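Biologist: Got a minute to go through this one with me? I'd like to hear the reasoning behind the labels.

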Amino acid sequence: MTRSQEAPPASAGDRVRARFENQLYSPFARTFCRLLQESAACTHGSKSALSDCDELWRLRVDTRARIAAQLTLPTIPVIVEQLDAVLDSPNSRAADIADVVMMDAGLTVRVLALVNSPLCGMSRRIDSLEQAVSLLGIERIRSAVLTVSVIGSFSREAFGLDVSTHWEHSLAVATGAQLIGGVLKNRGTGSLDSNSLFLSGLLHDVGRLVVAQQLPDEFRAIRMAVNSQEAGFLEAELAILGMTHSEIGYDLLTNWGLAPEICDAALNHHHAESNSDSARVIHCADAIAHGLGYSPEGQPFPYTSPRVWETLELSNQSVRGIAVGLTENMAAISDALLH
């Protein structure tokens with residue numbers, strides 16, 4: 001090839017594309033992270049930096065669209081839909097609600113075990129679902145049914161993710177969130193619903209479970225990037241999926257019609273500085289759970305924002321009390337739901 005026939009030098013955009021093309025595991029994740037952090041400088045930086053950022057964001061959109069097309073978001077468990085249909089009736093009674101749950105013997109056993117765990121704080125044993133509905137109310141029973149049925153529906157193993165330790169972590173975050181909510185309520189600075197906080201904690205990482213089960217090759221690539229310390233978990237997800245597990249979880253929970261604060265906590269628990277109190281509580285409960293060792297294998301300690309802790313005004317003494325309460329209750333709660 002003569003000099004006149006030589007291909008023109010690759011542009012910055014071409015170089016970025018070359019790093020993306022045909023590579024499931026992206027060894028350029030560190031570059032991706034750096035450019036994300038420097039994206040604010042693109043508006044007044046060099047033309048090359050602007051070209052890189054433009055191309056990265058366009059490719060991220062393309063990657064996101066490709067991954068989204070491969071995902072099938074699970075539907076809400078059928079038993080929850082059936083229960084909601086009964087609850088929508090103005091004439092429903094405790095016995096009607098109990099009848100729906102008792103159609104599944106395994107679910108009934110788990111729900112009663114959860115109702116009798118420290119989570120519900122009952123002073124005496126509850127032996128029937130009808131009694132549970134009468135004493136705890138409809139919303140708490142619905143929350144218990146949703147908890148048990150969601151854990152059961154995601155029980156299948158996934159590459160690179162131990163499902164049982166995933167749920168143990170999620171239950172620890174859920175329990176910690178309730179305890180934080182109790183601290184805020186006792187001092188008169190919070191009025192978050194206890195059931196909502198529990199479900200927010202339970203489901204905050206459900207998007208990661210969806211990725212591990214439905215996109216095992218991509219999840220393997222994310223783990224490789226994190227284990228090699230080339231990228232943090234969220235940055236690796238952005239590089240390989242074009243989105244994070246938080247966004248996938250938000251889409252799933254929104255499709256299920258769950259309360260906005262539960263969906264918001266799934267979306268924003270990693271970056272909760274300017275978001276809802278629910279997201280802030282889950283942010284702190286997540287850190288406490290990881291700190292106590294309730295952490296799925298391979299997941300690094302999450303970023304924790306001092307501003308979130310300051311906003312919630314959680315003192316060291318409060319955090320110690322929450323940690324003690326979480327540790328004391330977790331064995332019984334895990335036995336009720338996971339064993």
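Modeller: Sure, here is a chat about a histidine and some aromatic rings; keep in mind that this is a predicted model.

Biologist: Why is His 169 called buried or exposed, whichever it is?

Modeller: Buried means under 20% relative accessible area. His 169 comes out at 0%, so it counts as buried. His 169 sits in helix α9, residues 163-186, and its contacts beyond the sequence neighbours include His 204, Asp 286 and Pro 296.

Biologist: What makes the side chain of His 169 a polar partner of Tyr 294?

Modeller: The cut-off for a pair of N or O atoms is 3.5 Å. Here a polar atom of the His 169 side chain is 2.6 Å from the backbone oxygen of Tyr 294.

Biologist: How many aromatic pairs are there?

Modeller: The structure has 2 of them. In one, the ring centres of Phe 154 and Trp 167 are 6.4 Å apart with planes at 55°, so the pair is tilted.

Biologist: Why is that pair tilted, rather than stacked or edge-to-face?

Modeller: Stacked needs planes under 30 degrees apart and edge-to-face over 60. At 55°, Phe 154 and Trp 167 fall in between, so tilted it is.

Biologist: And how do you know whether Phe 154 and Trp 167 are buried or exposed?

Modeller: Same 20% cut-off: Phe 154 has 4% and Trp 167 has 2%, so both are buried.

Biologist: What puts Arg 208 over the face of Phe 233?

Modeller: One requirement is a distance within 6 Å of the ring centre, and Arg 208 is at 4.1 Å.

Notes:
Residues are numbered from 1 along each chain as its sequence is written. This is a predicted model: local features need pLDDT of at least 70, side-chain atom pairs count only at pLDDT 80 or more; totals for chains, interfaces and linings use all residues. Side-chain values use heavy atoms; hydrogens and water are left out. Helices (H or I, at least four residues) and strands (E, at least two) are DSSP runs, numbered from the N terminus. Buried means under 20% relative accessible area, exposed over 50%, partly exposed in between (1.4 Å probe, protein chains only). Contact means heavy atoms within 4.5 Å. A polar contact is a pair of N or O atoms within 3.5 Å; within protein, one must be able to donate a hydrogen and the other to accept it, and residues adjacent in sequence count only if both atoms are side-chain atoms. Rings of Phe, Tyr and Trp (its six-membered ring) pair if their centres lie within 6.5 Å; planes under 30 degrees apart count as stacked, over 60 as edge-to-face and the rest as tilted. A charge sits over a ring if NZ of Lys or CZ of Arg is within 6 Å of the ring centre and within 35 degrees of the ring normal. Lists of a residue's contacts leave out its neighbours within four places in sequence.
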